[in-house]
Amino acid sequence: MCRNIRTLYNFEPAATSEEVQAAALQYVRKISGFSKPSKVNEEAFNRAVHDIAHASMHLLADLETNAPPKDREVEAAKARASAAERYAA
């Protein structure tokens, strides 16, 4: 998975539409190989981002879990610690 795409499910507060849109954009960039599509591909690219964001919002709304929601700050601290260990010189 692309490192820029983060888990959005089961967080408190819930993922925003902007976070879902950003993840969809990263996904489309990854599979298309375009960071910015040409004019001829722009409509298809933007439609794919919209469709994937829409499907993702439905997925997040429909998922169920018994696990308590994760705290964003705690998860961010874990990610920073992991990155510091991974990139330690």
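Is Ser56 buried, exposed or partly exposed, and what is its relative accessible area? I will come to that residue in a moment, but let me begin with the whole chain, keeping in mind that what we have here is a predicted model.

The secondary structure of this protein amounts to 3 helices and 2 strands, and if we walk along the chain from the N terminus, these elements follow one another in the order β-α-α-β-α. As for overall dimensions, the C-alpha atoms occupy a box of roughly 45 × 40 × 15 Å along the principal axes, and the radius of gyration is 16 Å, where a compact globule of 89 residues would come out near 12 Å.

Turning to packing, buried residues account for 17% of the 89 residues, while among the contacts with a separation of 6 or more, 69% are made between residues that are 24 or more positions apart. The accessible surface comes to about 7000 Å², and carbon and sulfur atoms contribute 56% of that area. On the charged side chains, there are 12 positive and 12 negative ones, with the centres of the two sets lying 10 Å apart.

Now back to Ser56, which sits in helix H2, the element spanning residues 39-62. Ser56 is classed as partly exposed because its relative accessible area is 24%, and the class in question runs between the 20% limit for buried and the 50% limit for exposed. To place Ser56 along the chain and in space, we can take Ala44 as a reference: the two residues are 12 positions apart in sequence, and their C-alpha atoms are separated by 18 Å.

Terms used. Residues numbered from 1 in each chain as written. Predicted model: local features only at pLDDT ≥ 70, side-chain atom pairs only at ≥ 80, totals over all residues. Heavy atoms only, no water. Helix = DSSP H or I, 4+ residues; strand = E, 2+ residues; numbered from the N terminus. Rg over C-alpha atoms; globule rule 2.2 N^0.38 Å. Buried < 20%, exposed > 50% of the residue type's maximum accessible area, 1.4 Å probe, protein only. Contact = heavy atoms within 4.5 Å. Areas by Shrake-Rupley, 256 points an atom, 1.4 Å probe, with all protein chains shown as cover. Lys, Arg positive; Asp, Glu negative; His and termini not counted. Charge placed at Lys NZ, Arg CZ, Asp CG, Glu CD.
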